[in-house]
Amino acid sequence: MPARPAPLLALGTALALALAPAPTAAAPADAPDRVLLTPTATPDTARTLTWRSAPTPTPLLQIAPAHDPHDITEVAGTTTATLSGRAHHTATATGLAPGTEHRYRVGDGTAFGPWHTFTTTAGTDDPFTFLYFGDIQNDITDGAAPVVRAALAAEPDAALALHAGDLIDSADNDAQWSEWFDAFGTRTATLDHLAAPGNHEYSATSLSARWTPQFPGNGTGPTTGRDLPDTVHTTDYQGVRFIVLNSNYRNAAPLNTTAWLDTQRRWLQEALQDNPHDWTVVTFHHPLFSNSPGRDNAPLRTAWLDTLEEHDADLVLQGHDHSYARGNLTANDTADPDVHTGPVYAVSVTGPKMYDVSPGNWTANGARPRVQLDRTQTFQTVRVDGDTLHYTARTADGTVVDAFTIDKDGTDKTVTDTR
Ligand SMILES: [Fe+2]
Ligand SMILES: [Fe+2]
C-alpha cells in the first residue's frame, strides 16, 4: 500500500488513527509484539487477538471494517500473564460482519502497533485454503523458517494455519518463541492460527506458561480434565469443523491416562456427531500410527481411533514423529489401489530434526501408510471447495511429495491418490 500524505492529523483524530499508514520506522522496544490471530468458536463474527507489550493497565484492541476504517470499535484487553518482563494480553472482538475484511491494531490506548488486516469467515461454505504444519520445533530460524516462508509464499491467500504441536523445543524458552513468531512475521497477525500442544510445549507435567496466553481456549472444550478446557476446542470455519485435541497423556495425565483420554473421547464424539458441516479436520500431536515402531501411542489409539472411524472424520493431522506419512485403515481400502474410504491419517514435520521411518506400527494396527518419507521437511496445503477437498504436501522448493483428493457425494466418500 502506498504511503498516505502527511496532513492526516487535520482530518480529526479518529479518522487519522484509522487511516494512518503502518509505521515504517523501527518499532520502539516496548511496542506490542507477538500479535496472533485466533479464530474463536464463531469465526464468522468474532476473533481473539493475543499480544505482548510492556506491562500496562490499559491493553486495548481497535478494530474496524476495512471499507469503513473510521468505524472503530475498541475492546479492552485482559492481561493473562507477565513473562520475561513482557505482559501477555488477550482481547476478543465480537459482532463482526461475516466475510468482511477488517483492520485492527493493538496497544495501550496511547501507543499502538501497526494496523493489520484479516477477513472474517463467510457464513457459507465458500472455498478456502489452510496450511498444515508439523513440528517446527528445532533450529527454527535457519532450519524451519524457510519451509514456513515457502508455504506462505506458495499460498498467499491461505486463511488459516494449523499447527500439530511442538512449535518450539523447550516449553518456556522465550528466545525459541521469538524465533517461531519471527518465522511467520506479520502473518501471525493476519492468518488465523489453530494449534495443538505437543510434548515439547510441556515441561515435565506442566504446560508452557506461554501456551494459553498465546493460544487461548475458546470455551468449547471439556470443562474438566487437566489442561483440557484451555487446549481442546472446536471452531466452525466456512464449511469445516476443526477439532483440536490434547494427546499429551504422558505429560498432562501420567497418573490417570485412561480417564483423561476418555474425557476427550466423549467430547470428541459429541463434536463429530453435532457437526453441522460437511467436513471435519481433527488435529493433535502424537500420531495414532507411528512412523517409528518404538514411538507407539497405544493409549491414544485405544481411546480415539474407533470414534474417529465411526464418525468418518476426514483428516486427522498429527506430528511428533519427525518424518512424513499419510495412510488409512486397510479395512477402508477398495479394489482400486489408488482409492480408499474413511479417515486420512497424516504425520508431517516442518523443521530439520529427523527420525527414521518404518511401516511396522501402521501395519501392526490395521493400517498402512500410502506415502512414508524420512528426511523430508514439508508444508501441506488443504483446499476445501464444496464437495471436494484437495491436499498437497510439498517441500520448500515446491516439489510435491504427496497429494490426494477427497470427494463427497451424499453419504459416499472417496479418497483418491493424485500424486
Ligand atoms: Fe517433535
Ligand atoms: Fe513431539
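In what order do the strands of the open sheet of four strands run, and with which pairing? In this predicted model, the order is β4-β3-β7-β8, and the pairing is antiparallel. The edges of the sheet are formed by β4 (73-76) and β8, each of which pairs on one side only. From one strand to the next, the twist averages 30°.

Within this sheet, strand β3 (residues 60-65) is joined to β4 by four bridges in the antiparallel sense. One residue pair may serve as a point of orientation: L61 has V75 of β4 as its bridge partner. At another place, the loop between β7 (101-107) and β8 holds T110. T110 counts as exposed because it has 8 C-beta neighbours inside 10 Å, and a residue is classed as exposed at 12 or fewer. T110 and H89 are 21 residues apart along the chain, and their C-alpha atoms are separated by 16 Å.

The wider arrangement of the protein chain can now be considered. The domain assignment divides the chain into domain 1 (7-119) and domain 2 (128-417). The centres of the two domains, taken over C-alpha atoms, are separated by 29 Å. Their contact draws 20 residues from domain 1 and 24 residues from domain 2. On the domain 1 side, the elements that contribute two or more residues are β1 (33-38), β2 (47-53), β5 (78-83), β6 (86-93) and β8 (116-119). Of these, β1 supplies the largest share, with five residues. By residue class, the side of domain 1 that touches domain 2 comprises nine nonpolar, ten polar and one charged.

Attention may next turn to strand β16 (residues 279-283). How much of this strand is buried? Five of its five residues are buried, and the strand is thus described as mostly covered. The burial extends to both faces of β16: W279, V281 and T283 lie on one side, while T280 and V282 lie on the other.

The pairing of β16 involves two further strands. Strand β15 (residues 240-244) pairs with β16 in the parallel sense over five bridges, and V244 stands opposite T283. Strand β17 (residues 315-318) also pairs with β16 in the parallel sense, here over three bridges. T283 appears again in this pairing, where the residue opposite is L317 in β17. Helix α9 (residues 298-310) completes the local picture, since β16, α9 and β17 make a right-handed β-α-β unit.

Definitions and conventions. Residues numbered from 1 in each chain as written. Chains lettered and ligands numbered in written order. Predicted model: local features only at pLDDT ≥ 70, side-chain atom pairs only at ≥ 80, totals over all residues. Domains from an automatic or database assignment. Contact = placed C-beta atoms within 7 Å. Nonpolar A, V, L, I, M, F, W, Y, C, P; charged D, E, K, R; others polar. Pairing = 2+ DSSP bridges. Axes fitted to C-alpha atoms, helices over the stretch in contact; angles between N-to-C directions. Buried ≥ 20, exposed ≤ 12 C-beta atoms within 10 Å, placed from the backbone. Right-handed = clockwise from strand over helix to strand, strands pointing away.
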